[in-house]
Amino acid sequence: MPLRETLRPLEKVILVGLLTKKTGFDDDSLDELERLVESAGGAAVKKIIQKRMARDPALLIGKGKTEEIAAMVRRLDIHTVVFDEELTPTQQRNLEEAIGTKIIDRTRLILDVFAQRARTKEGILQVELAQSTYMLTRLSGRGAGLSQQLGGIGARGPGERALEYDRRRIRVKIQNIKKQLAGVQQERETQRAQRLAEGIAQAALVGYTNAGKSSLLNKMLGPHQNGSAAAYADDRLFATLDPLTKRIYLPGGLPLLVTDTVGFIRKLPTHLVASFRATLEEIRWADCLIIVDDPMDSESEIQKRRKAVDTILGEFKVDDYPALRLFTKADLLTPDEKRYLAKRYPEHLLVSSKTGEGFDQLMKRIENLLIGTWPKSKLRIRAKDGHLVSLLYKLGRVIEFKTDRQGDYRVYWQAPAAQIKKLQGMAGP
């Protein structure tokens, strides 16, 4: 599957959701699907929710609703119908024939948005891997149908031979992509090892897509960016796809590495979870998490998105990491809305990356959160090694500092374990 756009600019789209007795339906999911369509360049002109006792194995939504949508497509000159479910190859083929226009499902749409957003070599490879895996399942489904039509008893028809060639070609491509990804990921592990050797604390920005993580990182970097390029930020789903790590400095002067991770989303396709797992592994190396929520969401959306984020954090076994929760976009809220959020979510900070509101408190809270995770240690620094004293304040927090009768320094301090080990080695016995 090539890296190309599924939707043309301003392509008219109908969105279709399914409500069954078993699965129910999430209204917010269809709103999210609309945002995905907009992010891909299309324009949703109609939303349809079909209620059924169960999924129709042939058409998903049943014959009657399919005919209704087909008539609507002709009347409104619709280019594409997007389903908020993952369609089987058979369902997609049947729907295309019955409706007479392009049919894509939620998984294919997300893959398209990711393909548009990937910029780094790793990101592009990860998208290609997810796309190829998705295409392989489509070919397998078509192959079963075509082999029955074209293949005789005990023989292989021409359609089946062609499909087997396509499957083989895609499997080879998948293997090649995985080899390239292994090399890129080895480079990432080397960089991670270097960061760990430095002993600098690390934090990961996590949250739903478009919650404001990249804008938050840019605000942390400050107006001069510390010589670093700003993170790309835009009001679109998955505006940034590749993780980005920057060094910032906390109020007390302590350095901190902050990683902006790929945003989460409900119903994230399994192909993408597998492809991007190495990228999300960055979360596991963080000393603390900064979980970003969007206050512009409805109350139900906030709860559902928090659940989606917490579920993914649980999958990576980091749900018990020290964490700080916050709402961004405070500049868009009224005083009454701010008071409501403060009362409803007392554990959240409320900040604005645009105006700087709440930022001093945020940076101090991050510093205190990190310091609270550091071990405490007693250290003796000989007078002749006095130059090490400045490192104590640069790399950790000094709790007690005094001079003994010999003129040596006796220090009680907190710092990351790697920094304590480093200073102990430099100070000597």
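I take buried to mean under 20% relative accessible area, exposed over 50%, and partly exposed in between, with a 1.4 Å probe and protein chains only.

**Basis.** I am working on a predicted model, where local features need pLDDT of at least 70, side-chain atom pairs count only at pLDDT 80 or more, and totals for chains, interfaces and linings use all residues. I number residues from 1 along each chain as its sequence is written, and side-chain values use heavy atoms, with hydrogens and water left out.

**Entry 1, lysine 376.** I looked up whether lysine 376 is buried or exposed. Its relative accessibility is 51%, so lysine 376 counts as exposed. I find lysine 376 in strand β11 (residues 376–381); helices (H or I, at least four residues) and strands (E, at least two) are DSSP runs numbered from the N terminus. Leaving aside residues up to four places away in sequence, lysine 376 touches Ile399, Tyr412, Trp413 and Gln414, contact being heavy atoms within 4.5 Å. I also looked up the spacing of lysine 376 and alanine 417: 8.8 Å from C-alpha to C-alpha, with their positions 41 residues apart in sequence.

**Entry 2, the chain as a whole.** I get 14 helices and 13 strands for the chain. Of its 429 residues, 50% count as buried. Taking contacts between residues at least 6 apart in sequence, I find that 71% join residues at least 24 apart.

**Entry 3, the open sheet.** Which strands form the open sheet, and in what order? I read six strands in the order β6-β7-β5-β8-β9-β10, with mixed pairing; two strands pair if DSSP finds at least two bridges between them. The edge strands, each pairing on one side only, are β6 (244–249) and β10 (349–350).

I then followed β5 (residues 201–207). Strand β5 runs parallel to β7 (residues 255–260), with five bridges joining the two. Five bridges also join β5 to β8, again in parallel. Alanine 204 stands opposite threonine 259 in β7 and has leucine 289 as its bridge partner in β8. For alanine 203, the bridge partner in β7 is valine 258.

How many residues of β5 are buried? I count seven of seven. Both faces are covered, with Ala201, Ala203, Leu205 and Gly207 on one side and Gln202, Ala204 and Val206 on the other.

**Entry 4, helix α12.** I find helix α12 (residues 359–373) lying across β5, β6, β7, β8 (288–293), β9 (323–327) and β10, at about 165° to β9. Axes are lines fitted to C-alpha atoms, for helices over the stretch in contact, and angles run from 0 to 180 degrees between N-to-C directions.

Helix α7 (residues 213–221) packs with α12 at about 85°, the axes 12 Å apart. The two helices are therefore roughly perpendicular (65 to 115 degrees). Leu216, Lys219 and Met220 of α7 make the contact with Phe359, Leu362, Met363 and Ile366 of α12.

**Entry 5, α2 and α3.** Where helix α2 (residues 63–76) meets helix α3 (residues 89–99), the axes come within 9 Å and cross at roughly 50°. That makes α2 oblique to α3, oblique being any angle outside under 35 (roughly parallel), over 145 (roughly antiparallel) and 65 to 115 degrees. The contact is made by Thr66, Ile69, Ala70 and Val73 of α2 with Leu95, Ala98 and Ile99 of α3.
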